[in-house]
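Please take me through this model in the viewer, telling me what to select at each stop and what is to be found there. Aromatic rings, charged side chains and enclosed space are the topics I would like to cover.

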Amino acid sequence: MKKIEGILLIDDDDTNNFLNNRLLSRMQLTDRIKEFRNGKQAFDYLYNISTGHYDASNPEYFKPALVLLDINMPVMDGFEFIELFERLDAEFRKDVVLALLTTSEHNQDTERAAASNIAYLTKPLTSEKVQSLLEQYF
């Protein structure tokens, strides 16, 4: 399997981040996984990368190929993150795949994701769901 550049996990639940990080690491999809506890932290990180305001020699900074994003989080939720992400430079965004990873099965949420052409996965994350996502987007 071809490795992807990097993955961001954005979820306020440390247990989910731990389990998802472990699953993705075992699948050997990438050498770089970074976790954030809310959308604002993740957006600030991506904004800095998209505008070149970071230390390129620091291995903590990388442009992810995949962002797995929870909906319900403090400070900035998943849909607020998507709205800001869509304001980033189109060239930066074009090869970054966003996927909502949530417990919500509300029609309102699934319809909003579909309207933004964002993948929608329900928790828990499994290797089958990841594989399906990879086959669809990579």
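In this predicted model, the count of aromatic pairs comes to 6. Begin by selecting F43 and Y47, whose ring centres lie 6.1 Å apart with the planes at 35°, so the pair is tilted. Showing the backbone as well places both residues in helix α2, which covers residues 39-51, and there they are 4 residues apart, about one turn of the helix. With a surface drawn, the two partners can be told apart by their accessibility: F43 is buried at 12% relative accessibility, while Y47, with a relative accessible area of 41%, is partly exposed.

Next select F81 and F85, where the ring centres are 6.0 Å apart and the planes meet at 20°, so this pair counts as stacked. Both residues belong to helix α3 (residues 78-85), and they too are 4 residues apart, about one turn of the helix. F81 is buried, with 0% relative accessibility, and F85 is likewise buried, with a relative accessible area of 4%.

To finish with the ring pairs, highlight F36, Y45, Y54, Y61 and F62 together, since ring pairs link these residues into a cluster.

Now turn to charges placed over rings. Select R112 with F79: R112 lies over the face of F79, at 3.9 Å from the ring centre. Then select K63 with F92, where K63 lies over the ring face at 4.7 Å from the ring centre.

Keep K63 selected and add D95, because these two residues form a salt bridge whose closest N and O atoms are 2.6 Å apart. D95 sits in the loop between α4 (90-93) and β4 (97-102), whereas K63 sits in the loop between α2 and β3, so the bridge ties together parts that are 32 residues apart in sequence. Both ends are partly exposed, D95 at 43% relative accessibility and K63 at 28%.

Which other salt bridges are worth selecting, out of the 10 that the structure holds? One of them joins D31 and K3, with the closest N and O atoms 2.6 Å apart. This pair links distant parts of the chain, with D31 in the loop between α1 and β2 (33-36) and K3 in the segment before β1, 28 residues apart. D31 is exposed, at 64% relative accessibility, and K3 is partly exposed, with a relative accessible area of 40%.

Another salt bridge is found by selecting R37 and D14, whose side chains meet at 3.0 Å, N to O. Here, too, distant parts of the chain are linked, R37 being in the loop between β2 and α2 and D14 in helix α1, 23 residues apart. R37 is partly exposed at 42% relative accessibility, as is D14 at 46%.

For the last stop, look for enclosed space: a search of the whole structure finds 1 cavity of 30 Å³ or more. About 40 Å³ of space lies in the largest cavity. To see its lining, select L9, I10, D11, N17, N20, L68, L69, D70, L101 and K123, which divide into 5 nonpolar, 2 polar and 3 charged residues. Colouring by element of secondary structure shows that β1 (7-10), α1 (14-27) and β3 (66-69) each supply at least two residues of this lining.

Note on methods. Residues are numbered from 1 along each chain as its sequence is written. This is a predicted model: local features need pLDDT of at least 70, side-chain atom pairs count only at pLDDT 80 or more; totals for chains, interfaces and linings use all residues. Side-chain values use heavy atoms; hydrogens and water are left out. Rings of Phe, Tyr and Trp (its six-membered ring) pair if their centres lie within 6.5 Å; planes under 30 degrees apart count as stacked, over 60 as edge-to-face and the rest as tilted. Buried means under 20% relative accessible area, exposed over 50%, partly exposed in between (1.4 Å probe, protein chains only). A charge sits over a ring if NZ of Lys or CZ of Arg is within 6 Å of the ring centre and within 35 degrees of the ring normal. On a 1 Å grid over the protein atoms alone, a cavity is a set of points where a 1.4 Å probe fits but cannot get out, and a pocket is an open set with protein on both sides within 12 Å along at least five of seven lines; lining residues have an atom within 4 Å of a point. Grid points are joined across faces, edges and corners, and a volume is the space filled by probe spheres set on the points. Ala, Val, Leu, Ile, Met, Phe, Trp, Tyr, Cys and Pro count as nonpolar, Asp, Glu, Lys and Arg as charged, and the others, Gly among them, as polar. A salt bridge is a side-chain nitrogen of Lys or Arg within 4 Å of a carboxyl oxygen of Asp or Glu.
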